Amino acid sequence: MGINYLFFPQKPKPKKNDPTTNTIQENKNGTETKKDPASVKETKVETASEKPLAVVKAEDIKTYSIKTDSFLVKFSSLGGRITEYYIRNHKEPDGSDFVIARDPKFEINFDGQVERAVELSRYQGFDFNLIEDKETIPFSPYNKINFASSYDDATKTIVFEAPSLDGKYSIQKRFQFFPSENYFKFNLVLKNLTKDTITLSSSNSDIYFRSFGSLGPLLKNREDFNDRDVAHYFRYFFLDGNFKDYVDGAPASGFFDGIGSWFGGLFGTKEKKDERFEVKKGSEDKVDFVGSGSRYFIGVLDPIGDKPSGVLLDNRKDNETGVLLTYDNWKLGPGEEIKLDFAAYVGVRELDGTAFRNNNLDPKVTPSSPFAGLSESLDKSFNQGITTPLRNGIIWILKKIYLVVPNYGWAIVIFAILFKLAFYPLNKKQAESMKKMQELSPQIKAINEKYADDPKLKQEKTLELYRKNGTNPMSGCLPMLVQIPIFIALYTAFSDTVDLWHSPFLWIQDLSEPDTIFRTPKIALLGASFAINVLPLIMVATQIVQSKMTTVNATDPNQKMMLYFMPVIMLYFFWSMPAGVTMYWTMQNILSIVQQLYTNKFGSSKKDALAANNANTAGTKEVPVSKNGFRTKPKNKK
């Protein structure tokens with residue numbers, strides 16, 4: 001009976017008044033089948049040991065589609081898994097439209113209707129399956145098992161059932177979606193089918209659970225990725241109160257782990273560690289949540305109630321495994337079962353996305369919510385750095401401006417002006433300091449030439465000149481230092497907010513990407529083409545103008561080098577940055593130039609005081625200085 005159920009799972013008996021008859025279409029009926037029934041092929045099912053498990057006919061595989069306000073999701077009974085996951089344009093909690101799929105290339109046919117939605121599962125699906133042998137990761141043998149399945153349209157719940165590979169316990173997987181939420185529930189139930197106590201996992205032999213793999217969308221070929229593209233995809237976990245994240249597809253072991261392995265080999269450690277996989281286990285709080293992220297989206301799985309003992313990380317190069325949960329010491333007596341409850345969030349990397357639309361589902365409002373026990377640290381999975389509060393404030397202001405001026409390009413321009421006005425006192429002080437330094441430039445030059453052989457006395461004379469004229473060179477740097485955290489927040493805001501994705505402005509097609517207007521053919525020596533971007537060139541030009549206006553001593557070799565070297569560095573950094581970031585920086589340069597011009601022409605001047613100080617300085621006889629730097633008294637004439 002167990003063999004028949006494993007190889008040829010029974011189809012669920014239709015319920016009376018089952019709403020799925022009109023809303024769910026199966027491959028058997030030909031409505032969801034992508035293949036021609038005349039060319040149906042049999043799928044050979046294999047385990048990790050390459051032994052055949054079963055033959056599953058394509059017409060026996062059922063597919064299901066669920067549509068919510070935010071998602072379009074496809075399931076398959078083969079593996080009892082999600083095969084495609086899309087996020088669609090939807091409403092914000094305040095009722096405003098949140099448009100993600102602006103570009104026509106995101107049009108898809110979903111259940112016979114044309115929809116605009118962004119695919120997040122990389123067309124590889126999300127497993128939500130057990131793996132007993134880590135050598136098979138990321139493949140799960142259960143992905144080739146045809147689960148018995150049923151669907152309840154009233155609750156948007158899909159249930160998949162199948163026995164384990166050895167037939168000793170049953171597996172039930174339940175997915176439940178909610179019409180207006182970015183969350184869904186997942187339940188896993190394992191039940192002992194034998195009359196004996198069975199061990200599913202022990203302290204020496206874990207069992208693993210894989211949910212989300214690497215997250216999409218992938219908008220270019222992997223071989224065309226640059227360093228910034230690679231950094232946009234990551235995996236993470238929250239274990240024992242600590243958040244850890246790693247670049248997607250890269251080893252999770254760091255520099256110091258490599259040193260430890262080297263020393264272990266140096267001192268003759270006999271047991272060689274398998275560095276392909278790494279298990280990290282908790283001691284107290286255990287695993288809070290795991291997930292995967294991309295530039296604009298995240299997928300988070302939060303175990304509610306029974307927490308996993310740790311996580312398994314795939315360290316193999318170019319892996320797209322995600323983070324697996326590990327469970328140990330699972331034993332089931334006759335007829336006993338293990339029930340695991342999970343909350344999952346899939347959506348944008350923004351706080352608004354994680355907000356519940358229905359207060360009855362919000363665990364903070366309704367303690368009896370199905371999501372009761374949801375982690376309060378999910379915001380850490382946004383992975384946006386320590387300036388996240390500032391970043392969120394900037395995004396909020398940007399969206400408010402967008403409501404008045406419905407173009408994010410102009411919104412950035414207006415924000416740059418507002419930002420400049422908000423810091424006007426500091427910027428004014430900086431501009432006045434630069435003006436004073438320029439007025440003192442001839443005297444500083446004279447001191448440098450006069451005391452070129454005595455650095456200590458040159459410094460004393462320079463400081464004395466600053467003191468007499470009430471000038472502090474560091475006052476010009478202070479405004480910049482104060483604004484550094486804000487600049488970092490601005491960079492993350494304009495780089496990683498989905499609102500700028502595919503937003504055009506003037507000649508710019510997409511504010512989230514460089515404003516490339518032309519791409520050269522492939523250069524033979526480099527093996528790649530070269531993009532021509534306009535905004536970085538404009539930005540560097542304004543940077544040079546601003547630098548010349550604020551340079552104190554153009555004859556100083558160090559300053560001359562910085563005058564020409566810094567624009568080159570800035571051009572390198574900004575060449576492949578998002579156009580929104582470069583445009584904001586360019587606007588700041590232009591506004592700084594305007595403010596400096598205004599200050600130089602209409603700002604308060606202390607030329608009279610400088611003239612008086614110069615007269616005093618000229619009337620003062622310099623004290624002779626010996627070669628060794630000691631002051632000497634002038635000899636009296638006899």
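By class, how many nonpolar, polar and charged residues are in the lining of the second largest cavity? Keep that in mind; the tour gets there after a look at the whole protein.

**Before you click**

This is a predicted model, where local features need pLDDT of at least 70 and side-chain atom pairs count only at pLDDT 80 or more, while totals for chains, interfaces and linings use all residues. Residues are numbered from 1 along each chain as its sequence is written, and side-chain values use heavy atoms, with hydrogens and water left out.

**Stop 1: the whole protein**

Switch on the cartoon view and you'll find 14 helices and 27 strands (DSSP runs numbered from the N terminus: H or I of at least four residues for helices, E of at least two for strands). Of the 638 residues, 46% are buried (under 20% relative accessible area, with over 50% being exposed and partly exposed in between, using a 1.4 Å probe and protein chains only). Now show the surface: about 33,900 Å² is accessible, and 57% of that belongs to carbon and sulfur atoms (Shrake-Rupley method, 1.4 Å probe; for residues, only the protein chains shown count as cover).

**Stop 2: the largest pocket**

Select Lys220, Asp224, Asn226, Asp229 and Arg519. The largest pocket holds about 1,500 Å³ of space, and of the 43 residues that line it, those five are the closest to its centre. On a 1 Å grid over the protein atoms alone, a pocket is an open set of points with protein on both sides within 12 Å along at least five of seven lines, a cavity is a set where a 1.4 Å probe fits but cannot get out, and lining residues have an atom within 4 Å of a point. Points are joined across faces, edges and corners, and a volume is the space filled by probe spheres set on them.

Next, colour α3 (227-231), which gives the most to this pocket's lining, with three residues. Then colour domain 1 (127-213 + 233-383) and domain 2 (398-597): both give residues to the lining, so the largest pocket lies between them (the bounds come from an automatic or database domain assignment).

**Stop 3: the cavities**

The whole structure has three cavities of 30 Å³ or more. For the largest, at about 50 Å³, select lining residues including His90, Glu350, Arg357 and Asp499. Its lining has three nonpolar, two polar and six charged residues (Ala, Val, Leu, Ile, Met, Phe, Trp, Tyr, Cys and Pro count as nonpolar, Asp, Glu, Lys and Arg as charged, and the others, Gly among them, as polar). Domain 1 and domain 2 both contribute to this lining, so the largest cavity lies between them too.

Now for the opening question. Select Arg122, Leu218, Arg222, Phe225, Asp229, Val230, Tyr233 and Asp248, which line the second largest cavity. Its volume is about 40 Å³, and the lining has four nonpolar, no polar and four charged residues.

**Stop 4: two buried residues**

Zoom in on Phe186 in strand β14 (residues 183-192). Phe186 is buried, at 0% relative accessible area. Leaving out residues up to four places away in sequence, Phe186 touches several others, among them Phe128, Phe175, Phe209 and Phe342 (contact means heavy atoms within 4.5 Å). Add Asp341: it is 155 residues from Phe186 along the chain, yet their C-alpha atoms are separated by 6.3 Å.

Finish at Leu378, in the loop between β25 (337-348) and α5 (388-404). Leu378 counts as buried, because its relative accessibility is 9%. With residues up to four places away left out, Leu378 touches Tyr183, Phe289 and Val300.
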